[in-house]
Amino acid sequence: MKRIERIRYYEEIMDRIALANRKLSDALLEYETVDPLCDELAAYLSGKEWKRDYDADEKGTLPADLKRGVLSEDGAFNVLEEHRDLLSRILEAAAKLV
């Protein structure tokens with residue numbers, strides 16, 4: 001590889017790494033802000049309020065246009081499970097990279 005070609009090649013590598021670093025940093029910041037919300041959601045799902053809200057939905061007393069995915073047990077638990085899986089992936093990736 002000639003000098004100019006080599007410099008361009010490594011410049012592209014550096015740019016890709018810099019972009020990946022920015023994307024990961026932004027994603028981690030967002031992830032860190034929602035992590036405490038997982039505990040809050042889990043507490044709601046296991047509490048009496050969720051059951052009352054679920055029963056109200058079953059009785060048809062909630063507005064028809066109300067978004068209610070949180071009342072789907074599978075949907076909400078799947079989101080929390082995916083969060084835990086991603087945490088595991090982050091830990092595994094960090095262990096491999098360090």
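Start in helix α2, residues 48–58, and select Lys51 and Asp55: they are four residues apart, which places them about one helical turn from each other. This is a predicted model. The two side chains meet in a salt bridge, with 3.2 Å from N to O. Colour the pair by accessibility: Lys51 is partly exposed, with a relative accessible area of 43%, and Asp55 is partly exposed as well, at 28%. The spacing fits a general property of the helix: with 3.6 residues a turn, residues three or four places apart point the same way.

**Asp57 and Arg68**

Stay in α2 and select Asp57, then add Arg68. Their closest N and O atoms are 2.5 Å apart, and the pair forms a salt bridge. Asp57 lies in helix α2 and Arg68 in the loop between α2 and α3, so that this bridge links distant parts of the chain, eleven residues apart. The relative accessibility of Asp57 is 21%, which counts as partly exposed because buried means under 20%. Arg68 is also partly exposed, at 24%.

**Glu81 and Arg84**

How many salt bridges does a search of the whole structure find? It finds three. To see the one in α3, select Arg84 and Glu81, whose closest N and O atoms are 3.0 Å apart. These residues are three apart in helix α3, which amounts to about one helical turn. Arg84 is partly exposed at 44% relative accessibility, and Glu81 is partly exposed at 36%.

**Trp50 and Tyr54**

Now turn to the aromatic rings. There are two aromatic pairs to display. For one of them, select Tyr9 and Tyr10: the ring centres are 4.9 Å apart and the planes meet at 80°, an edge-to-face arrangement. Tyr9 is partly exposed at 41% relative accessibility, and Tyr10 is partly exposed at 48%. For the other, go back to α2 and select Trp50 and Tyr54. Their ring centres are 5.0 Å apart, and the pair is stacked because the planes are at 20°, under the 30 degrees that stacking requires. Trp50 and Tyr54 are four residues apart in helix α2, about one helical turn.

Is Trp50 buried or exposed? Trp50 is buried, with a relative accessible area of 7%. Its partner Tyr54 is partly exposed, at 24%. Keep Trp50 selected and show its surroundings. Leaving aside neighbours within four places in sequence, Trp50 is in contact with Tyr44, Leu45, Val70, Leu71 and Glu73.

**The nonpolar core**

From Trp50, extend the selection to Cys38, Leu45, Leu71, Ala76 and Leu80. Together with Trp50 these make up the largest nonpolar core, which has six residues. The elements that give two or more residues to this core are α1, residues 3–45, and α3. Two of the contacts of Trp50, Leu45 and Leu71, are themselves members of the core. As a general background, nonpolar side chains tend to be buried together in soluble globular proteins.

**Helix α3**

Select α3, residues 73–97. Which of its residues are buried? Ala76, Leu80 and His83 are. Of these, Ala76 and Leu80 belong to the nonpolar core. Show α1 alongside: the buried residues of α3 pack against it. Then place a distance label between the first and last C-alpha atoms of α3. The helix has 25 residues and reaches 36 Å, close to the 36 Å expected at 1.5 Å a residue.

**The whole chain**

Clear the selection and switch to a cartoon view. The secondary structure comes to three helices and zero strands, and along the sequence the pattern reads α-α-α. Along its principal axes the C-alpha trace spans about 75 × 30 × 20 Å. The radius of gyration of the chain is 22 Å, whereas a compact globule of 98 residues would have one near 13 Å.

Finally, colour the chain by accessibility. Of the 98 residues, 9% count as buried; Trp50, at 7% relative accessible area, is buried. For a last check, display the contacts between residues at least 6 apart in sequence: 54% of them join residues at least 24 apart.

Methods
Residues are numbered from 1 along each chain as its sequence is written. This is a predicted model: local features need pLDDT of at least 70, side-chain atom pairs count only at pLDDT 80 or more; totals for chains, interfaces and linings use all residues. Side-chain values use heavy atoms; hydrogens and water are left out. A salt bridge is a side-chain nitrogen of Lys or Arg within 4 Å of a carboxyl oxygen of Asp or Glu. Buried means under 20% relative accessible area, exposed over 50%, partly exposed in between (1.4 Å probe, protein chains only). A nonpolar core is a set of buried Ala, Val, Leu, Ile, Met, Phe, Trp, Tyr and Cys residues joined through side-chain atoms within 4.5 Å. Contact means heavy atoms within 4.5 Å. Rings of Phe, Tyr and Trp (its six-membered ring) pair if their centres lie within 6.5 Å; planes under 30 degrees apart count as stacked, over 60 as edge-to-face and the rest as tilted. The expected span of a helix is 1.5 Å times one less than its number of residues. The radius of gyration is taken over C-alpha atoms; the globule rule is 2.2 Å times the number of residues to the power 0.38.
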